[in-house]
Amino acid sequence: KQYFEEEARYHARVSLGGDQGLGTLTVAVRIETDLGGLEPGASGRLSLWVQSAQGLHGVNFDGTSDPYVAASLRPRTLHPPVTLLTKKKKNTLAPTWNERFHLDIKQNLTALHVLFQVWDFKLLGSDAFLG
């Protein structure tokens with residue numbers, strides 16, 4: 001569990017929405033392969049750590065949001081398709097999730113991308129995209 005802190009090269013603060021200033025998301029990713037490297041065809045374990053976000057936009061009537069993160073593994077040809085969801089955090093623009101996900105990937109890890117999206121939970125209607 002400590003490798004995320006020790007392996008800083010897998011740690012990133014991602015700007016949501018590019019130049020649109022939609023806030024930042026802090027995540028960490030670690031890949032452990034069965035071949036010892038990312039050669040074509042390598043399979044292994046993918047670990048994601050969704051830590052926190054800052055500066056999110058408020059879309060609720062009180063100026064806050066109820067954010068959660070959806071981490072989708074791409075390409076969509078991954079069978080079965082995988083989307084991981086954090087818990088939603090109520091009434092905040094600076095949530096801390098500190099949630100870890102671990103997946104054994106039996107397909108080519110070199111073709112895999114992770115798309116992180118932040119959404120605002122809506123009890124009624126569609127959730128709102130935050131970044």
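Colleague: Let's start with E99: how far away is the nearest side chain of opposite charge, and which residue is it?

Modeller: The nearest side chain of opposite charge is that of K87, 4.6 Å away, and E99 is buried yet has no salt bridge. For the charges, Lys and Arg count as positive and Asp and Glu as negative, while His and the chain ends are not counted. A salt bridge here is a side-chain nitrogen of Lys or Arg within 4 Å of a carboxyl oxygen of Asp or Glu. Bear in mind that this is a predicted model, in which local features need pLDDT of at least 70 and side-chain atom pairs count only at pLDDT 80 or more, whereas totals for chains, interfaces and linings use all residues. Residues are numbered from 1 along each chain as its sequence is written, and side-chain values use heavy atoms, with hydrogens and water left out.

Colleague: OK, and why does E99 count as buried?

Modeller: E99 counts as buried because its relative accessible area is 14%, and the cut-offs are under 20% for buried, over 50% for exposed and partly exposed in between, with a 1.4 Å probe and protein chains only.

Colleague: So which backbone atom lies 2.9 Å from a polar atom of the E99 side chain?

Modeller: That is the backbone nitrogen of K87.

Colleague: What else is E99 in contact with, if we leave aside neighbours within four places in sequence?

Modeller: With those neighbours set aside, E99 is in contact with L48, W49, V50, L85, T86 and K87, where contact means heavy atoms within 4.5 Å. E99 itself is found in strand β6, residues 96-105, and its C-alpha is 6.5 Å from that of Q51, although the two residues are 48 apart in sequence.

Colleague: You mentioned W49; which charged end sits over its ring?

Modeller: The charged end of R100 does, 4.2 Å from the centre of the W49 ring. The criterion is that NZ of Lys or CZ of Arg is within 6 Å of the ring centre and within 35 degrees of the ring normal. Another case is K88, which lies over the face of F121 at 4.3 Å from the ring centre.

Colleague: Changing topic, how many aromatic pairs does a search of the whole structure find?

Modeller: The search of the whole structure finds one aromatic pair. W119 and F129 form it, edge-to-face, with 5.2 Å centre to centre and 70° between the planes. Rings of Phe, Tyr and Trp (its six-membered ring) pair if their centres lie within 6.5 Å, and planes under 30 degrees apart count as stacked, over 60 as edge-to-face and the rest as tilted.

Colleague: Where do W119 and F129 lie, and what does the pair tie together?

Modeller: W119 belongs to strand β7 (residues 113-120) and F129 to strand β8 (residues 128-129), so the pair ties together parts that are ten residues apart in sequence. W119 is partly exposed because its relative accessibility is 23%, and F129 is also partly exposed, at 47%.

Colleague: And how many salt bridges does the same kind of search find?

Modeller: Searching the whole structure gives one salt bridge. It joins K122 and D120, whose closest N and O atoms are 2.7 Å apart. D120 counts as buried, at 0% relative accessibility, whereas K122 counts as partly exposed, at 22%.

Colleague: What pattern does the chain follow along the sequence?

Modeller: The pattern is α-β-β-β-β-β-β-β-β, which comes to one helix and eight strands. Helices (H or I, at least four residues) and strands (E, at least two) are DSSP runs, numbered from the N terminus. Of the 131 residues in the protein chain, 40% are buried, and among contacts between residues at least 6 apart in sequence, 62% join residues at least 24 apart.

Colleague: Then strand β2: what does the side chain of T26 make a polar contact with?

Modeller: Its partner is the side chain of R13, at 3.1 Å. A polar contact is a pair of N or O atoms within 3.5 Å; within protein, one must be able to donate a hydrogen and the other to accept it, and residues adjacent in sequence count only if both atoms are side-chain atoms. T26 is in strand β2, residues 24-33, and is buried, with a relative accessible area of 4%.

Colleague: Last one: what is phi of N91, and where is N91 found?

Modeller: Phi of N91 is near 50°, a positive value in a residue other than glycine, and N91 is found in the loop between β5 (83-85) and β6. N98 also has a positive phi, of about 50°, although it is not a glycine, and N98 is found in strand β6. Most residues other than glycine have a negative phi.
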